[in-house]
Amino acid sequence: MPILPSFTLPSSFRLGLRAIAGNSGKPLISSTARSLSTRHSYIASLCLQYSTRGAMSPSRISASYRPHHLLPRIPVRTASRFRAITNYIDIPDSYKDPDGLPFRKEDLNQREVNKLFGPHLPAQKANRLLRILHGRRVAGTLDDPDLCVNTDEFKDADQRKALEYLRANIPVDEVINAGLRAEDELKYLEAQEQGNQEAEEQFEETSPQNPPSDSVPDKTMGPTGRLPRPRKSDSPYGESPLDQIRAENIAKREAEEKRLEEERIKREEEEALGNIGTLQTQQQKPKELSPYMKKMVARATSDLKEPPKMKAWERLLPSVAMTILILAGCAAFAAMYTPPRRSWRLWPDIPPAAATCLGLVGANLTVWLCWRLPPLWGLLNRYFIVVAATPRPFQLVGAVFSHQNFSHVMLNMVALWFFGTRLHDEVGRGNFLALYFASGTLGFMTSLANLVLFRGLEFTTLGASGAVYGIVAAFFWLHKYDEFKLIGYPPDPMSGPQGLAFIGLILGLHILPLFSKKVHNIDIASHLGGMLAGVVGADLVKRHMDAKARIRAEKLKTMGALEKIVQVKGDVPEKVARPVPGR
């Protein structure tokens, strides 16, 4: 007969598992049982035959070999033709104890039935008995006394023979299935008890004048061996495919809503504890601090229990005034700056662009090193980091040179060197430094306004990102119609993207996170404010340079005309008056 090989646990292990499951009553045991009962599917295609000598493949079994102590069996067939149900979780919804489950593809014929039970039992009844007992083995109801009515017509000896035949030929883990059945019965009883309580509460709330009508119970049917299942549809025709699709969509939607809610709660917790700005480090509680470090931390920590009670304009006004002064100073410096003589320069052998950028890089690295010195923490916390709760005007300038993360300071300095040296060669040192300080200051002013008005007073920010983005935006704005190629791409004759395209790309990368629900620690407001200052400043610098070029050209033109006049006058011979001789 067709059989399916399975990996059965030792009997002692199964008995122990049944004892534990019976004593504890926890669903953990049943879930473990489910995993053990379904872990043998990957070997179902081997289709082995079992005997007292162990498992043998079909190629090694002799056709004439028949163990004398076993009941008659039919030759092994391939598993692709028929697969008997052996797991509790695979029982179909239409299962009923009087019908049982098929134990083989074809029923036993009368000759096989006579060898198994004797001539007194017809083949039809014998196969029905085998199907009923096989179904009970899978459903875990072998010991259910309520189902004996379906097998009362069979003798006890015939039932024992049928059960021995099934156990010898169709491996089923009856202990595991019985445990799963017990768990489902417990869940059903709990649900039924809860439903009864809800019905009683509804009855108590009902008005005495309109008591609920007694429903006529349905006619009781014979025992089926299957637990009642909740109706999935109110339709008298049962559940349709559309109902199934609708239920799946509802379940997916509920799961997605639950996931989004969990992400929102997690994001709010992270925003409440974290800081914004690419430079911020996650503040982790140290395991143990030395007395010296505790003293330094106490000196650098503010004594305020909560932010000062101030209106938004009162908190922003000093910083706004400082921003206006810095922008005006940058404009005046750019207009009045005169390059020094070569002998007056600190590094005369280095190009001016490289010297200026190296000075800025050195200043940023110096402040980064200062953050590693605990005695300087108090000073740095006051003037080198923008604190939304207690803003100071000088924080707008000091934070431009301040970094706490080495990777962030290196990223900013590489971008500053790459774009800064090129912009410096085009606009000069005065205009370049004016753009750098104006972009950094306006960027932090924009970030501070965003924190005070929208985000919250618990955030801080620092770093040269706003100034660097201002330098990058200024460079591309001066070349907004020029084409760029990266490492020779795109190849000729194709034209590369213009400077406006790079500005649009940078803006898009900063605007997209604003519509994302993911938590980020990028100070987007500072970057956008710096880019705005860079674009406006570059346009003003270009106009100023064009005006100076026109004045210079007019001067040269005037000087050239004067030289031409002087030269013409020098070439004309002097006319000497001669006296006319008298007559």
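Which residues do ring pairs link into a cluster? In this predicted model, the cluster is made up of F418, F419, F475, F476, F484 and F502. Two of its members, F475 and F476, also belong to a helix, and that helix is a useful place to start.

Helix α15 covers residues 465-478, which is 14 residues. From its first C-alpha to its last it reaches 20 Å, close to the 20 Å expected at 1.5 Å a residue. Of these 14 residues, 11 are buried, so α15 is largely enclosed by the rest of the structure. The buried residues include S465, G466, A467 and V468 towards the start of the numbering. Further along come G470, I471, V472, A473 and A474, followed by F475 and F476.

The aromatic rings can be followed beyond this helix. The model has 13 aromatic pairs. One of them joins Y436 and F437, whose ring centres are 5.7 Å apart. A pair of aromatic rings is described by the distance of the centres and the angle of the planes. For Y436 and F437 the angle between the planes is 85°, and the pair is edge-to-face. The two residues can also be described by their accessibility. Y436 has 0% relative accessibility, so this residue counts as buried. F437 has a relative accessible area of 25% and is therefore partly exposed, as buried requires a value under 20%.

Rings also meet charged side chains. F418, one of the residues in the cluster, has the charged end of R422 over its ring, 4.2 Å from the ring centre. In another such contact, the charged end of R455 sits over the ring of F459, at 5.0 Å from its centre.

How values were computed: Residues are numbered from 1 along each chain as its sequence is written. This is a predicted model: local features need pLDDT of at least 70, side-chain atom pairs count only at pLDDT 80 or more; totals for chains, interfaces and linings use all residues. Side-chain values use heavy atoms; hydrogens and water are left out. Helices (H or I, at least four residues) and strands (E, at least two) are DSSP runs, numbered from the N terminus. The expected span of a helix is 1.5 Å times one less than its number of residues. Buried means under 20% relative accessible area, exposed over 50%, partly exposed in between (1.4 Å probe, protein chains only). Rings of Phe, Tyr and Trp (its six-membered ring) pair if their centres lie within 6.5 Å; planes under 30 degrees apart count as stacked, over 60 as edge-to-face and the rest as tilted. A charge sits over a ring if NZ of Lys or CZ of Arg is within 6 Å of the ring centre and within 35 degrees of the ring normal.
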